[in-house]
Amino acid sequence: MGTAEGREAPAERAAKRPAEPRGQREPDRDIPVRGRLGRSAGEERQPGYRPLWIEEPAKRHPLPDPVRTAAVRAVLIMAVTLIQAMVAFLCTMAGSWLAFPMVISSVVSTVVATWAVVDVWVTRQVWNQRYGVVSEPSSTARALRRERRARRRRERAALREQERIRRRGGAGQLSHP
């Protein structure tokens with residue numbers, strides 16, 4: 001090497017190096033180091049241990065399971081459709097006998113992919129109508145929530161009444177049937 005560092009003797013380089021043990025470097029300042037929270041009593045880690053990733057809470061709620069299932073299905077169908085279209089194009093360019101069946105199957109697959117995307121949209125709308133918060137008077141979700149709240153209110157009132165009877169020294173029943 002033509003640099004001054006390259007001409008130095010290995011012993012001189014070792015003498016200039018700081019005397020810190022291996023693995024005891026200062027952690028990166030931009031990557032937070034997790035403290036000892038969440039570790040079991042017998043588990044010991046090296047000081048300055050950094051996990052590969054830190055889980056952060058999601059900014060948005062995840063998709064409901066039926067919607068996610070429909071979306072995954074739609075993506076897979078669209079991927080197969082794109083592959084079929086590419087194979088049909090290449091077979092057409094090559095003049096292969098397989099070109100015509102591939103074009104027909106690509107057209108059918110395009111119809112199926114369109115249906116899959118519409119299925120995602122419909123599934124999402126149905127889920128929002130049943131379980132979501134839709135601010136429309138005709139929302140069935142609002143009526144279901146109202147019924148649930150009224151039922152919980154009745155249950156709490158019954159529990160309070162039972163507790164009041166127990167505090168008075170009753171046997172859990174009213175004196176007059």
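**Helices and salt bridges: a quick tour**

Okay, let me start with a pair in helix α5, which covers residues 140–167: Arg-164 and Glu-161 both sit there, three residues apart, or about one turn of the helix. By helix I mean a DSSP run of H or I with at least four residues, a strand being a run of E with at least two, and both are numbered from the N terminus.

Before going on, a word on where this comes from. This is a predicted model, so local features need pLDDT of at least 70 and side-chain atom pairs count only at pLDDT 80 or more, while totals for chains, interfaces and linings use all residues. Residues are numbered from 1 along each chain as its sequence is written, and side-chain values use heavy atoms, with hydrogens and water left out.

Back to our pair. What do Arg-164 and Glu-161 form? They form a salt bridge, with the closest N and O atoms 2.1 Å apart. A salt bridge here is a side-chain nitrogen of Lys or Arg within 4 Å of a carboxyl oxygen of Asp or Glu. Arg-164 is partly exposed, at 28% relative accessibility, and Glu-161 is partly exposed too, at 32%. For those words, buried is under 20% relative accessible area, exposed is over 50%, and partly exposed is in between, using a 1.4 Å probe and protein chains only.

Helix α5 has another salt bridge, between the side chains of Glu-163 and Arg-166, at 3.2 Å from N to O. Again these two are three residues apart in α5, about one helical turn. Why does that spacing help? An α-helix has 3.6 residues a turn, so residues three or four places apart point the same way. Glu-163 is partly exposed at 37%, and so is Arg-166 at 48%.

Over in α3, Arg-68 pairs with Asp-65 in a salt bridge, and their closest N and O atoms are 2.2 Å apart. They too are three residues apart, about one helical turn, and Arg-68 comes out partly exposed at 36%. Searching the whole structure turns up four salt bridges.

Let's stay with α3. The helix spans residues 65–94, 30 residues in all, and reaches 43 Å from its first C-alpha to its last, close to the 44 Å expected at 1.5 Å a residue. That expected span is 1.5 Å times one less than the number of residues. Right after α3 comes Gly-95, with a positive phi near 75°.

Which way do the buried residues of α3 face? They pack against α4, residues 99–131. Among the buried ones are Val-67, Thr-81, Gln-84 and Cys-91. The largest nonpolar core has six residues: Ala-70, Ala-74, Ile-77, Ala-113, Ala-116 and Val-120. Both α3 and α4 supply at least two residues of this core. A nonpolar core is a set of buried Ala, Val, Leu, Ile, Met, Phe, Trp, Tyr and Cys residues joined through side-chain atoms within 4.5 Å. Leaving aside residues up to four places away in sequence, Ala-116 touches Ala-74 and Ile-77, where contact means heavy atoms within 4.5 Å.

Finally, the whole protein. There are five helices and zero strands, running α-α-α-α-α from the N terminus. Of its 177 residues, 14% count as buried. Among contacts with a separation of 6 or more, 34% join residues 24 or more positions apart. That's my tour, thanks!
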